[in-house]
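Here is the note on the model that you asked me to look over. The points are numbered so that each can be checked against the coordinates.

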Amino acid sequence: MNDMEKAGTILTETEEDLQDHQYLTFLLEDEMFAVGVLEIREIIEYAMITKVPSMSDYIKGITNVRGNVIPEIDLPGRLGFNPIKIGKKTCIIIVEVNLENTTLEIGLLVDSVNQVYEILPQMIEEKPSFGAKIRKDFIAKMGKIEDSFIVILNLERVLNVEELSVVTTKNKL
């Protein structure tokens, strides 16, 4: 390997290391949450969603993004908050997750996207043993930004295929 190839490798590893500490923050009912930028494929404006019958309430349906059918999850609803209210700032964060040896693209409906923060390892705390408003297994860790903590979500748990695929059996009157 020549010096140029070595320099390129070092640069690439440095860029990836930097991205590994970057987190996109977004709001759900005025509370800030985050996911790692390496898990995000893209962010799009809210678009028409086609409903899918007999699915859990937090699965809003599917949408077509450049020929790909993407399932859309009401993230506030999934986390136990009130269902999302679509507004001017509502966005869809399309994430890539590896579930059961398959890479899936899933859209997360959020109230609004905030910004990307660099959260270094020394700014990360373990998830709390009590006091969280969401299920503890949905929390990967807590990131300290300025004087507050932000929940960094564990997308593999939030987007658990077995839980998401449960068909509802509500009686419609």
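**Notes on aromatic pairs, cores and the open sheet**

1. Searching the whole structure gives 2 aromatic pairs, where rings of Phe, Tyr and Trp (its six-membered ring) pair if their centres lie within 6.5 Å, and planes under 30 degrees apart count as stacked, over 60 as edge-to-face and the rest as tilted. Phe26 and Phe33 are a stacked pair, because their planes meet at 20 degrees, with ring centres 6.5 Å apart. This is a predicted model, in which local features need pLDDT of at least 70 and side-chain atom pairs count only at pLDDT 80 or more, while totals for chains, interfaces and linings use all residues. Residues are numbered from 1 along each chain as its sequence is written, and side-chain values use heavy atoms, with hydrogens and water left out.

2. Phe33 also pairs with Phe81, this time edge-to-face, at 6.0 Å centre to centre and with 75 degrees between the planes. This pair links distant parts of the chain, since Phe33 belongs to strand β2 (residues 31-36) and Phe81 to the loop between α2 (75-78) and β6 (91-99), 48 residues apart; helices (H or I, at least four residues) and strands (E, at least two) are DSSP runs, numbered from the N terminus. Phe26, Phe33 and Phe81 thus make up one aromatic cluster.

3. Are these rings buried or exposed? Phe26 counts as buried at 0% relative accessibility, as does Phe33 at 2%, and Phe81 is buried too; buried means under 20% relative accessible area, exposed over 50%, and partly exposed in between (1.4 Å probe, protein chains only).

4. The largest nonpolar core has 30 residues, of which Leu79, Leu153 and Leu159 touch the most other members; such a core is a set of buried Ala, Val, Leu, Ile, Met, Phe, Trp, Tyr and Cys residues joined through side-chain atoms within 4.5 Å. Among the elements that each supply at least two of its residues are β1 (22-28), β10 (139-145) and α3 (155-158), and β6 gives the most, with 5 residues. A second, separate core of 8 residues includes Ile44, Ile70, Ile84 and Ile94.

5. The open sheet has 5 strands in the order β3-β6-β7-β5-β4, with mixed pairing, two strands being paired if DSSP finds at least two bridges between them. Because β3 (40-45) and β4 (59-65) at the edges have a single partner strand each, one side of each is left without a neighbour in the sheet. The partner of β4 is β5 (residues 68-74), in the antiparallel sense over 6 bridges, with Gly61 bridged to Glu72 in β5.
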